[in-house]
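Subject: Structure for you to look at

Hello,

Here is the structure I said I would pass on. Please open it first, and then read the notes below with it on the screen.

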Amino acid sequence: MSATLDELDAWLSEPEGERLEFKEAKSNFHFETLAKYCAALANEGGGKIIFGVTDRRPRRVVGSTAFAEPGGTVASLVNRLGIHVTFDEILHANGRVLVFHVPPRLVGVPIQYDGVYWSRAGDELRPYSADRLRRVFQESGPDFSSELHPDAVLDDLDPALIERFREMWMRKSGNAALSSMTPRQLLEDAELAAGERITNAALVLLGTRPALGRRLAQAELVFEYRSSEASIPFQQRIEFRFGFLGYLDELWNTINLRNEVLQYREGFFVGNIPAFNEAVVREAVLNALAHRDYRLPGSIFVRQYPRRLEIVSPGGFPPGITAANLLWRQSPRNRRIADACAKCGLVERSGQGANRMFEESIKEGKPRPDFKGTDDYQVELTLRGEIQNPAFLGFLQKIGAERLATFGTRDLLALDAVQREEPLPEDLKERLPHLLDQGIIERIGHGRGVRFILSRKFHSFLGQHGAYTRRKGLDRETNKALLCRHIQENQEAGSAFRDLEQVLPALSRNQVQKLLQELKAEGRIRLTGLKRGGRWFPGGPSYAPE
């Protein structure tokens, strides 16, 4: 929700402190200084930087022209700081007020800019002291998976799974020396054991069935299959209560037995895509394994339906992680598990995986992964197995895998939002130039009224030339409708041209005049008077004043 004048009045009466920073900045302000203030506010719990207001009380709105394109400024802040800064522009009678909203930092993760962790001391910016920085790094608390289990020992691990871990680690690292290590040395080098004692991570990944039952019974995964959405009893149930490396392949094979093959048509060619993508499912399960809270008694549940897969794990998102930022934040609750999975090649980097789930789903024309059922007590991920837009999928196939490989997560998210005709978040707009250069999307309109549609090439591929013309022309007709509405609502006094310019602030003077002349030629509006004294009225032919 955008900030309002009432909210601005409330901020003006508050003292400048940890949450508010006022800057007059009538004409300009250095980006570097803004970035440092954003880092400092994030480190102190988040807050707002307000431009166009005097910093001494009683505060007055003086207006600011700093950061004329705040969307680009925010995109640069997000890239440089790694936090989701947003902005509002408030049109006050005394001028433009620009507000940057800065979120709090993650637990145990201070924000730095230019190599310095910033804080505020009155009106000044200062680097964190070494002692304060140490305390911040200690906030996140101990990693449960790295703790040595009080009772578990090496004999609680499955020798076959230890050997599988060795083989996978050797394949990933190319380190042949791993083959000659004893099991104890191998696990110690992987930070999964200390002498005879083993970590919770070792139990989760390599434990035997009896050991997990006695030592860490909640470290199990339960699979259920239901033949329909309305089916309450399950048709199949498997409880995997042994080391994860021993059942990941079996779990996928069980899912794949009922993995329906979907067809899409591209001209005379019919292509096949499975309802559930193996890479997406594996990443989803790995994320549940690395992020669940093992201090809670529940199990991970994987529930399969013909066209839907649910993965539910105990504990909400880790501190600082939300459905909105999980693609850009990595904070594994169980880092030792994530690191061990990275060593044996199950994941590319510790804590990653969500990006790939989104990328693969978009490339296959499916709905994006859905975390709507998530709360403070569980993470619920839904993967849907239907192709939403077969034509869009066919177009992506036409683009080719090699070309698509150059697209990052933000490119694909931006393209997906455009094809769905959804509003584009600020942090994705920076990728639009790349998609424009690729000829995949086109820009319509200018300034704040700009919007993007899939290109003529896409519609030609689909044989939808009329749809392309309609979408491209929609912007013009919308603007004309807004002008007519304003003229209709002010028909008693008439509408001056300067008022109509304000209706479409994103358009130039000539563009507004051209739209008015088109409406006049269509007989939808008429003009009375000349030059500055001219007024526009609804309907009828134009006529000159007597």
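In which strand is serine 313 found? Serine 313 belongs to β16, the strand made of residues 308-314. Please keep in mind throughout that this is a predicted model.

Is serine 313 buried or exposed? Its relative accessibility is 7%, and buried means under 20%, so serine 313 counts as buried. Leaving aside residues up to four places away in sequence, serine 313 touches Ala288, Arg292, Ile300, Tyr377, Gln378 and Val379.

The whole protein

The protein has 21 helices and 21 strands. It consists of 546 residues, and 48% of them count as buried. About 27000 Å² of the protein is exposed, and 49% of that area is supplied by carbon and sulfur atoms. If you take the contacts between residues at least 6 apart in sequence, 63% of them join residues at least 24 apart.

Around β16

How many residues does the hairpin between β15 and β16 pass through? The hairpin joins the two strands through two residues. β15 and β16 run antiparallel and are joined by five bridges. In this pair, tyrosine 305 stands opposite arginine 308 of β16. β15 also pairs with β11, in the parallel sense and over five bridges. There, tyrosine 225 stands opposite glutamine 304 of β15. As background, strands of a sheet pair through backbone hydrogen bonds, either parallel or antiparallel.

Helix α9 is worth finding next. This helix covers residues 248-256, and its buried residues are Leu248, Leu251, Trp252, Thr254 and Ile255. Why are these residues on the same side of α9? They cover an arc of only 160° around the axis, and therefore they lie on the same side of the helix. What do the buried residues of α9 pack against? They pack against the strands β11 (221-225), β12 (236-240), β15 (300-305) and β16, and against helix α10 (278-291).

The nonpolar cores

The largest nonpolar core has 97 residues, and the members that touch the most others are Phe165, Leu206 and Phe244. Helix α10 gives the most to this core, with seven residues. A second core of 26 residues is separate, and includes Leu41, Ala42, Phe67 and Ile83.

Which residues does phenylalanine 244 touch, not counting residues up to four places away in sequence? They are Val204, Leu205, Val285, Leu286, Leu289 and Leu346.

Two three-strand sheets

One open sheet of three strands has the order β5-β6-β7 and antiparallel pairing. Its edge strands are β5 (112-113) and β7 (124-127), and each of these pairs on one side only. β5 and β6 (residues 116-121) pair over two bridges, in the antiparallel sense. Tyrosine 113 stands opposite valine 116, which is in β6. What lies across these strands? Helix α2 (residues 31-43) lies across β5, β6 and β7, and runs at about 80° to β6.

Another open sheet, also with antiparallel pairing, consists of three strands in the order β8-β10-β9. Note the order when you trace this sheet. Here the edge strands are β8 (148-153) and β9 (193-194), each pairing on one side only. β9 and β10 (residues 197-199) run antiparallel and are joined by two bridges. Alanine 194 has arginine 197, in β10, as its bridge partner.

Two residues with positive phi

Phenylalanine 67 is a residue other than glycine with a positive phi, near 55°. It lies in the loop between β2 (47-51) and α3 (70-81). Phenylalanine 67 counts as buried because its relative accessibility is 13%, and it is one of the residues in the second core.

Glutamate 191 is not glycine either, and its phi is near 60°, again a positive value. This residue is in the loop between α6 (183-189) and β9. Glutamate 191 has 42% relative accessibility and so counts as partly exposed.

That is what I have for now.

Regards

Terms used:
Residues are numbered from 1 along each chain as its sequence is written. This is a predicted model: local features need pLDDT of at least 70, side-chain atom pairs count only at pLDDT 80 or more; totals for chains, interfaces and linings use all residues. Side-chain values use heavy atoms; hydrogens and water are left out. Helices (H or I, at least four residues) and strands (E, at least two) are DSSP runs, numbered from the N terminus. Buried means under 20% relative accessible area, exposed over 50%, partly exposed in between (1.4 Å probe, protein chains only). Contact means heavy atoms within 4.5 Å. Accessible areas come from the Shrake-Rupley method with a 1.4 Å probe; for residues, only the protein chains shown count as cover. Two strands pair if DSSP finds at least two bridges between them. Axes are lines fitted to C-alpha atoms, for helices over the stretch in contact, and angles run from 0 to 180 degrees between N-to-C directions. The arc is that of the directions from the helix axis to the C-beta atoms. A nonpolar core is a set of buried Ala, Val, Leu, Ile, Met, Phe, Trp, Tyr and Cys residues joined through side-chain atoms within 4.5 Å.
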